[in-house]
Amino acid sequence: MSDLPKAYDPAAVEADLYADWERSGLFHAEPDDPGEPFSVVIPPPNVTGSLHVGHALDNTIQDVIVRRERMRGRNAVWIPGTDHAGIATQMVVEKQLAAEGLTRHDLGRDAFLERVWAWREESGGTILRQLRVLGCSLDWEREAFTFDEPRNAAVTKVFIDWSEQGLIYRGTRLINWDPVLRTALSDIEVEHREVRGELVHFRYPLVDGDGDQDGIVVATTRAETMLGDTAIAVHPDDERYRHLVGREVRHPFLDRTFPIVADDYVDPEFGSGAVKITPAHDPNDHAIGERHGLPMIDVMTDGGEMNEASGRFAGLDRFAARAAVKEALAELGLLVEVKEHLHPVGHSQRSGAIVEPRLSDQWFVAVRPLAERAAQAVRDGRVTFVPERLAKPFLDWLDGLHDWCISRQLWWGHRIPAWYGPDGALRVQVEQPEGDGWVQDEDVLDTWFSSQLWPFTVFGWPEQTPELAAWYPTSTLVTGYDINTFWVSRMLMAGLWFTDDVPFRVVHNHGLVRDEHGKKMSKSFGNVIDPLDLVSAYGADATRFALLRSAGPGTDVPLAEEWVEGAKRFVNKLWNAARFTISNLDGQRPGDLPPDERLTLEDRWLLDALASTHAEVDAAYEAYEWPVVARGLYRFVWDEFADWYLEAVKQRIYGDDVEARRDARAVLAHALELTLRLASPLLPFVSEAAWRPLTGSEGGRGSLMVAPWPQAAGRPDPEARAQFAVVQGLVREVHRFRSQLRIAPSVRLELDVEPADALSREVLVAHAELVRALAGLGRIDVLDTLEEQPGSSSIVFPGGRARVPLEGVIDLAAETARLATERERALADVARLDAKLANTGFVSRAPEDVVAKERVKREEAERVVEELTARMQAFGVGPT
């Protein structure tokens, strides 16, 4: 066992271990396997995607949860799969065709779909392969796809059932239109960005007024939409316009007049206080139009050009029309002013195009009955959010949810099972109706329509399968808080409606991964981190640890490459501690601990620390508090086990007492084994690599991955904790003393100690040999009183004070001179900073953070002076 490599090399370990786990069937579960069922379904990444840091965080959390539940004896399954990503996938293949000088229309629908399926078979599994590199223990035998045949059949059934129940209908409503992709979008597919645009003020002449200048001024950010105006609205209490309500204005470019109406929606403080109403191109205007029975005129084509209803502006792109309309208004003397205006503008998530609100004939889901059930499930606790605070915005979203536009003008996706026949007949069914003249709807369903069914269709619904009976509802859904409205709400509504149960018990929301400054990662910012590069450079375990060290529930997660490098050092620390332990066990396996009477102080202290760590880490795993898990493991492995216990135990490991050596090995093996179990969900590779030589396992079913989760660890021992704290307090101060005086570790210091209390005296007398070994001392004597002794220095520690003779240890005169020089330099820094901070011009004009930094520098300089003074006084020289 002593042939473990000196350094842990992830590249030499991770791929082979993962292959062994998968080959041994450790990721796979059957519904009748022993143990309480536990299930997680992966939020299916787009089939077009590659692993980014958000995926890495989300799937690391899921993997940690599932790995721990397996070890707890649960019948745990984690379902993998991908989303067919209607718009994104179609865009990928259309770009390929464009490079060949073709469009999808050149191929035709069937040939185009064959091309997309071929692309999916060749390139669509990239992200799932990449999840293996991260160590994700998904049940690959159960991989699903939102557009495979079982899911396709389920989607069709849901559409037909909801249609028959009156929850799906076709109607003409205002929707979000992407003029680049030429498809409708749902509200959640629109991103609102602040845009520096313009506010155009222009005048509509009154029909019965005295010329063009007798009219009413309106303001708009989209001048081209005035071509679809059918009213002007003012607030009923606005004294400026009350006399104009009921009168009509004349359109300057079209043969159209329309009324001035009063409506409470209007904000008298915005613009001129009079609002042009374009019911076919603005959601608020549409609502006003419905209240007042206004005509609704669509003035644009699918591609965002002005149509024939736009008169002389027909054929112009909407943005060209905007400029042309302003120019024409100016020529007529109707343009009042144009102001710069910062305002939110909707953009398509996929194409980036500015979305056009537009009246369109589409398919919709009536969400009110669905949303009410979903909200009730959260309110009565059937679904809980972690963190709990995110339940309120989720409920607010559900309470205000509008009907969902589900039709998309695409070819790749679930085609709507609706048929149009002679005389305007419409039938919703799977197969084409009998008779001539029936044509299927050209549109496909919104991608979210199929992914809302994911938690139950992956288990075989609508069939009542053993998988569905065992693993539905799922246990925990892990997802970013930003997708609660996109997806979580849809799944909750559909799951309750079709299974009469919630699709998940817990929604664990994590935050977004940002750079170390909290800035959003973006290619344009140049701060994007590729998780695969991190795995390649530092290993999967280090990448996972760095991601979770700041991933508190619902909080954004900062990440920097140097933090992953730091995590790699921690992984190496664990490996080195394991290597030292295993190489000194001489074949001894983890087993029973020695009898209590043979446990040393350091043994008892370590077992107490292990018990505390187990309690802390186990509770944190349960509460999804990943930073607490990471900190607890880090503290125990680095500080308590490696830095303190391994140093303390070397006396017995390398000593001649056979029984003492055997006892030390037993405690070492016990502590390492339990540490590896606790670390395994988060650090699966290094833990497994150390577990096998520690236990003699050859992998397979002997893997740490399926070893029992520790129900308890170590032994609480407050007495040992207090006693060892005395030892630590003195040893730390001796090390600090060495560092300050630059005394090499090889120099054996002599120490006279005067304890401050009975506990410290008892501990230091009984464990003087332990202190001597840990502090690198040649001698330690515990005295009643320390007398002044020339040529020595004093050390103060929490349990008393100590004296170190310096003769032969340092050149006292040279050290005193060095300290004096450093002190003078520090005093000069204090004087300089005092002068700067006394300068009222600097303090009043400099930014607050700059002044604060100077004050911190001044405090630090003064602290250095005090420290150097104390060290000089310890030598019997210097100021008093």
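In this predicted model, N572 is found in helix α18, which covers residues 561-583. N572 has a relative accessible area of 22% and is partly exposed, because the buried class ends at 20%. N572 and A542 are 30 residues apart along the chain. Their C-alpha atoms are separated by 9.5 Å.

A542 belongs to helix α17, where it is one of the buried residues. Helix α17 runs from residue 540 to residue 548. Nine of its nine residues are buried, so the helix is largely enclosed by the rest of the structure. The buried set includes nonpolar side chains such as F545, L547 and L548. D541 and R544 are charged residues that are also buried here. The remaining members of the set are A540, A542, T543 and A546.

The wider picture comes next. The protein chain holds 28 helices and 29 strands. Its radius of gyration is 36 Å. The globule rule gives 29 Å for 880 residues, so the chain is more spread out than a compact globule. Along its principal axes, the C-alpha trace spans about 110 × 75 × 55 Å. Of the 880 residues, 56% count as buried. Contacts between residues at least 6 apart in sequence were also examined. Among these, 76% join residues at least 24 apart.

Three helix pairs illustrate the packing. Two packed helices are described by the angle between their axes and the distance between the axes. Helix α3 (residues 86-99) and helix α5 (residues 109-123) have axes that come within 10 Å. These axes cross at roughly 105 degrees. Helices α3 and α5 are therefore roughly perpendicular to each other. On the α3 side, the contact is made by T89, Q90, V92, V93, E94, Q96 and L97. On the α5 side, F112, R115, V116 and W119 take part. By class, this contact of α3 with α5 has six nonpolar, three polar and two charged residues.

Helix α7 (residues 149-164) meets helix α15 (residues 484-499), with axes that come within 12 Å. The crossing angle is roughly 75 degrees. Helices α7 and α15 are therefore roughly perpendicular too. V158, D161 and W162 of α7 make the contact with A494, W497 and F498 of α15. Five residues of this contact are nonpolar, one is charged and none is polar.

The third pair is helix α1 (residues 10-23) and helix α22 (residues 684-695). Their axes are 10 Å apart, and the helices pack at an angle of about 80 degrees. That makes α1 roughly perpendicular to α22. From α1, the residues involved are V13, E14, L17, Y18, D20 and W21. They meet P684, F685, E688, A689 and R692 in α22. The contact of α1 with α22 divides into seven nonpolar, no polar and four charged residues.

Charged side chains also pair up. The structure holds 79 salt bridges. One of them joins D361 and R170, with an N to O distance of 3.3 Å. This pair links distant parts of the chain. D361 lies in strand β14 (residues 356-365) and R170 in strand β5 (residues 168-178). The two residues are 191 residues apart. D361 counts as partly exposed, at 38% relative accessibility. R170 counts as partly exposed at 29%.

Other salt bridges form within a single helix. R772 bridges to E769, and the closest N and O atoms are 2.4 Å apart. Both residues lie in helix α25 (residues 768-775). They are three residues apart, about one turn of the helix. An α-helix has 3.6 residues a turn, so residues three or four places apart point the same way. R772 is partly exposed, with a relative accessible area of 28%. E769 is also partly exposed, at 43% relative accessibility.

D829 and R832 form another such salt bridge, with their closest N and O atoms 3.9 Å apart. They sit three residues apart in helix α26 (residues 812-838), and are thus separated by about one helical turn. D829 counts as partly exposed, at 31% relative accessibility. Elsewhere, salt bridges that share partners build one network. Its members are E36, R68, E69, R72, R74, D618 and E622.

Definitions and conventions:
Residues are numbered from 1 along each chain as its sequence is written. This is a predicted model: local features need pLDDT of at least 70, side-chain atom pairs count only at pLDDT 80 or more; totals for chains, interfaces and linings use all residues. Side-chain values use heavy atoms; hydrogens and water are left out. Axes are lines fitted to C-alpha atoms, for helices over the stretch in contact, and angles run from 0 to 180 degrees between N-to-C directions. Helices (H or I, at least four residues) and strands (E, at least two) are DSSP runs, numbered from the N terminus. Angles under 35 degrees count as roughly parallel, over 145 as roughly antiparallel, 65 to 115 as roughly perpendicular and the rest as oblique. Contact means heavy atoms within 4.5 Å. A salt bridge is a side-chain nitrogen of Lys or Arg within 4 Å of a carboxyl oxygen of Asp or Glu. Buried means under 20% relative accessible area, exposed over 50%, partly exposed in between (1.4 Å probe, protein chains only). The radius of gyration is taken over C-alpha atoms; the globule rule is 2.2 Å times the number of residues to the power 0.38.
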